Structures are given as structure tokens and as C-alpha cells.
Amino acid sequence: FAVLSDRSLTANFAIHTYGITTECEPEEGGAVVGGGVYDYGSMATLEAVPNASYYFIHWEEDGEMVSTNPTYSFAVVRDRHLVAVFAQSCFVVEAFADPETGGTVEGAGNYIEGTTCHLTARPNQGYSFVNWTEDDTVVSTSASYTFVVDGNRSLVAHFEIRQYVIGATVVPSNGGTVEGAGTYTYGEIAI
């Protein structure tokens, strides 16, 4: 515009909003709480509640599984349509971390027979993944363990604390002595 006088202008902005829609499969399998319209960047929390005689299996989006936890939280950055999948019969896959401070595991939950389970072990800082065991038998040494579900399973992801070697030398060699060199575990104080 042509400047002909003093003017005070205000730029108005509105945060984008996105719709989070849900459905149940099958429809009679249960209900979902938490769908609606959310501001960009806000957290949405969906909860799948199975009806009597049904089990929650997982959340799907565009035919892909996104979570096996009945409570699913995520930052809203776009429109999303999520499907809570339920079944009347299923197998339970449990997964635990040993020690609990060593890391986290993902992928445990209820699975329909013949479907694929993907378990992932993520070590915490200062720990390394060792293996997956079931009934004290090693079933995988890969942090990502995939298998076809044909029964209930209880798996343990084993982690171990990292160890580091601290070396020390004297220069010149006849200048004195040093103490404290050796192997230390992560977080231990070297003296």
C-alpha cells in the first residue's frame, strides 16, 4: 500500500489444528477414548477399551501396526486415522528387561495366532544388549527379535553394564609411579 499516514497494523496468526479420528475393528470389539481435534504439537492420548470377551491387539494406521499398548500417546503434527484392533482369542507375548535399569523393551502385547511379533530391546546409556532368553534358553542375540506367534511367550532382554579400561603411563619412566589404572564399570569413580 502507499504510505499516506501513520498506521498501526496487526498480523493475526492461528495455530493449525488437526483431526485424530478412530475406529474399532471389529466394531463390537470395544471402544476408543481420546479422538478429536488437537492443536499442532499438542499431545494426543488414545485409549482402547475392549468389550467383554474381547482383547485389545494393537493400533493400526494405513494397515501398519503402530503400537501394541492400549494407551497410545503421540505429538499431533498432522491428521491421523487410527484403528484399534480387537480379537476374541489371542496369545500374550510378555517381554522384560534384566536388569530393569539396563534398558527398555518394546513390542510386547496381545497377538492373534499366526501374526508376527517384533520385539526391540533398547539399552540405556552405559549398558549393552546381550541376548533374548525364554525359560533361561537363549533365543536370539539380536536386539530386534521377530517371530510368528503360535502361543503365549515370556521373554527376557538381558543387558550388561559396559566396562572400560583406564591405562596410565609415566613419562619419563623414572619420573614416578601411577596408581588406579585398570578396568572400571560405567559410572564408577576412577581413583
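Colleague: Where do R80 and E61 fall, buried or exposed?

Modeller: Both R80 and E61 are buried. Buried means under 20% relative accessible area, exposed over 50%, and partly exposed in between, with a 1.4 Å probe and protein chains only. This is a predicted model, in which local features need pLDDT of at least 70 and side-chain atom pairs count only at pLDDT 80 or more, while totals for chains, interfaces and linings use all residues. Residues are numbered from 1 along each chain as its sequence is written, and side-chain values use heavy atoms, without hydrogens and water.

Colleague: Why does E61 count as buried?

Modeller: The relative accessibility of E61 is 8%, which is under the 20% limit, so E61 counts as buried.

Colleague: What makes R80 and E61 a salt bridge?

Modeller: The N to O distance between the side chains of R80 and E61 is 2.6 Å. A salt bridge is a side-chain nitrogen of Lys or Arg within 4 Å of a carboxyl oxygen of Asp or Glu, so this pair qualifies. R80 belongs to strand β8 and E61 to strand β5 (strands are DSSP runs of E, at least two residues, numbered from the N terminus). The pair links distant parts of the chain, 19 residues apart.

Colleague: Which other residue meets E61 in a salt bridge?

Modeller: The side chain of R78 also meets that of E61, with N to O at 3.3 Å. E61 sits in strand β5 (residues 55-61), whereas R78 is in the loop between β7 and β8 (80-87), 17 residues away. E61, R78 and R80 are thus linked in a network of salt bridges.

Colleague: How do you know whether R78 is buried or exposed?

Modeller: The relative accessible area of R78 is 41%. That value lies between 20% and 50%, so R78 is called partly exposed.

Colleague: What residue does E134 form a salt bridge with?

Modeller: The partner of E134 is R153, with the closest N and O atoms 2.6 Å apart. E134 lies in strand β13 (residues 127-134) and R153 in strand β16 (residues 153-161), so the salt bridge ties together parts 19 residues apart in sequence.

Colleague: Why are E134 and R153 given the class they have?

Modeller: E134 has a relative accessible area of 17%, and R153 has 14%. Both values are under 20%, so E134 and R153 are buried.

Colleague: How many salt bridges does the rule give?

Modeller: The count comes to four salt bridges. Among them are E61 with R78, R80 with E61, and E134 with R153.

How values were computed. Helix = DSSP H or I, 4+ residues; strand = E, 2+ residues; numbered from the N terminus.
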